[in-house]
Amino acid sequence: MLAPILLAAVAITQGPPGTDIYLVPLTRAGGPVRAGTARDLTPRPGYDNQPMFAPDGRTIYYTSARGGQTDIFRVDLATGQSAPVTDTPESEYSATIMPDGRHLSVIRVERDSTQRLWSFTLAGAPVAPVLEQIKPVGYHAWLDPGTVFIFVLGNPATLQRADVRSGKAEVLARDIGRSILRIPGRRAISFAQRDTAGGPLTLRELDLATGSVSPIAPLPRGNEFVAWSPQGELLSATGNALLVWNRPAGGWDTIARFSEPGLQRISRLAVSPTGDQLALVGDEPSERAGGSVLLSPDRVFDGVTMHPDWSVLVQGDRIVAAGPSGSIAAPANARRIPLQGTTLLPGLIEGHSHLLLHPYDETPWNDQVLKEPLALRVARATISARRTLEAGVTTVRDLGTEGAAEADVGLKQAIEQGIIPGPRMIVTTRAIVATGTYGPRGFDPRWDVPQGAQEASGLEEVTRVTRQQIAAGADWVKVYADYRWGPSGGAHPTFSVEELTRIVETARSAGVPVVAHAASAEGMRRAILAGVQTIEHGDGGTAEVFRMMAERGIPLCPTLAAGDAVRQYAGWRKGIDPEPRAIAEKRASFRLALDAHVPICFGGDVGVYPHGDNVRELELMVDYGMTPIEVLRSATSANARFFHLEDQLGQVRPGLLADLVAVGGDPSARIGDLRAVRFVMKNGEVVRAP
């Protein structure tokens, strides 16, 4: 039989991050699987990872880093006592019970750094390499005493079937991920594979009888590990959520959310031989991994409700407590930050930004796309990112580089790696436009002028371009369902419903949502029918179109501030001159959306106006008819939900990431108080202090 979970070996050059193994009971009671309370099996500082149940289900073998190397340990589930199994000068990883039941196979990093598959006795004595010539080996799974499936590191990594007796192997798949498992009750294995280089992973089935490969499921965001139960359930996780694959519905169902600080980023999973226990790997709890910070404002907006006299305790990168100030028990050595006169709230989530643009009254859009060097645009974007973060916006959905190729992906990576300060970024790369409908335009038709987005026409092209953008790093795909083209100059639909649907279906296969630019009623209608997840602008929306959006729960990102700014650039003296017709029409269409109960996303199209002035959109949302508390929800918990980040961001709640902002005053009474930023924290790190 194959082991229930298969894990990698990677040589340690620096200490690996602290992780713990948790044990969770599973129950079914004639219904779907349910998870109980988690128990930390390895409550010590350091790396404990790669769990695998013994065949009797009473013991878990795991990898533990101690004294500068890793060895295989075992923990008795009844007593909680751990003991070493291997104790050699080399490092061992990924213990798996071999088919004879008397030996372990492990990945051993030998003295010359070679990674090979070795066998050990259950007592921990090394025997010999299993495959002498095949290296470097990572994950592995046994089919029978003579056959093992192995993950061979390389560029790309390959799945190979090795014959132990001959020592030879054949390549079965390339560019695979870090999970190889036997599918219970079938002569088949599952493995993760990318469709395109650098793209998302899909779990696939290899039928060992026929050799055919077929897709099972797109893997959840942020995790490539799965586990099969003996009952046939496919389990995975994202953030603190435990998931089960719903085959009839074609999606992942959440069966548990864990509040334990160490289980906010679940990675590996293993199921016991009887299916009644689950081992999870999570981060080392922050009270061991880092310090504590106690924040004491006058009030806390938790993403839904305002609470006077609350405090918030942060440990590491997570919120661990939030509630009445007298009820928070902070460690004696906690750093205390008094925030008198302020409101503490979740970091704002901007839903429509363009960090690679700057205001059009500084440089027209055409000139930014055609004349500004890419290096200049990226350099300016780093400043814009810092200003955005300092303004209390800790996450942005950046909806197109406007001619700057995939520079948003690099900008996102620079922020994630700590090279530059900035908000967490959700990126879309180039965006997709129908051929001949975008800009810059107005040039001699003999010349092919560079465009502000990637052109495509027809089902084959939109499929190819969607895949290209996802492979390049797009978290979402943006499509222009309409634009200003044709002899009349107004906004008209660009793609057909069939083309838009193909984009949505292609992206959905990779687990990537689609957002649509749509200003006309027909463009909006087509985008709705295609299944996009948010609609931007919506200027020409009708009562019927907004009703369709409300029925399907599709949010509107109204970008009020962009239109307001453009009209002022054109000469409108706001507060002096009458409102231009376009502004009055925008007020009316926004009112229609509110009356239809369309979910409203906070997103202003910032970049058209200065980065760091994101609150401008929130002020206009109030001016156009929303209440301040509704606007605060839109900018925090609602946007987190719209962007599938609700298990990480958007609320002040234990277990979520510590993205927090303190502003002077009370923005639930005066939305403009959001401009008075006093304190910013992102991922538990103080960015701006009083």
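In the predicted model, strand β10 (residues 115–121) pairs with β11 in the antiparallel sense over 3 bridges, and within this pairing Trp118 has Pro129 of β11 as its bridge partner. Both strands belong to an open sheet of 4 strands, arranged in the order β8-β9-β10-β11 with antiparallel pairing. The edge positions of this sheet are taken by β8 (91–97) and β11 (126–129), each of which has a single partner strand, so that one side of each is left without a neighbour in the sheet. On average, and with direction ignored, neighbouring strands of the sheet are turned by 30° against each other.

A further set of antiparallel pairings involves β13, β14 and β15. Strand β13 (residues 147–152) is joined to strand β14 (residues 158–163) by 6 bridges, the two strands running antiparallel, and a hairpin of 5 residues provides the connection between β13 and β14. Strand β14 also pairs with strand β15 (residues 168–174), again in the antiparallel sense and over 6 bridges. Thr158 of β14 takes part in both pairings, since it stands opposite Val152 and has Arg174 in β15 as its bridge partner. The hairpin of β14 and β15 has 4 residues between the strands, and Gly167 in this hairpin adopts a positive phi near 75°.

Among the helices, α5 (residues 458–471) and α6 (residues 497–509) pack with their axes 9 Å apart and at an angle of about 35°, and α5 passes α6 in a right-handed crossing. On the side of α5 the contact is formed by Gly458, Leu459, Val462, Thr463, Thr466, Arg467 and Ile470, which meet Glu498, Glu499, Arg502, Ile503, Thr506 and Ala507 of α6. Classified by residue type, this contact of α5 with α6 comprises 5 nonpolar, 4 polar and 4 charged residues.

The largest nonpolar core of the model contains 80 residues, and those with the most contacts inside it are Ile535, Met549 and Leu618. Helix α4 (residues 407–416) supplies the largest share of this core, namely 5 residues. When neighbours within four places in sequence are left aside, the contacts of Ile535 are with Ala516, Ala518, Met524, Ala527, Ile528, Met549, Ile554, Pro555, Leu556 and Cys557; Met549 is thus both a contact of Ile535 and one of the residues with the most contacts inside the core. Apart from this core lies another, of 20 residues, which includes Leu26, Val244, Ile266 and Leu269.

Methods: Residues are numbered from 1 along each chain as its sequence is written. This is a predicted model: local features need pLDDT of at least 70, side-chain atom pairs count only at pLDDT 80 or more; totals for chains, interfaces and linings use all residues. Side-chain values use heavy atoms; hydrogens and water are left out. A nonpolar core is a set of buried Ala, Val, Leu, Ile, Met, Phe, Trp, Tyr and Cys residues joined through side-chain atoms within 4.5 Å. Buried means under 20% relative accessible area, exposed over 50%, partly exposed in between (1.4 Å probe, protein chains only). Contact means heavy atoms within 4.5 Å. Axes are lines fitted to C-alpha atoms, for helices over the stretch in contact, and angles run from 0 to 180 degrees between N-to-C directions. A crossing is left-handed if the near helix is turned anticlockwise from the far one by less than a right angle, and right-handed if clockwise. Ala, Val, Leu, Ile, Met, Phe, Trp, Tyr, Cys and Pro count as nonpolar, Asp, Glu, Lys and Arg as charged, and the others, Gly among them, as polar. Two strands pair if DSSP finds at least two bridges between them.
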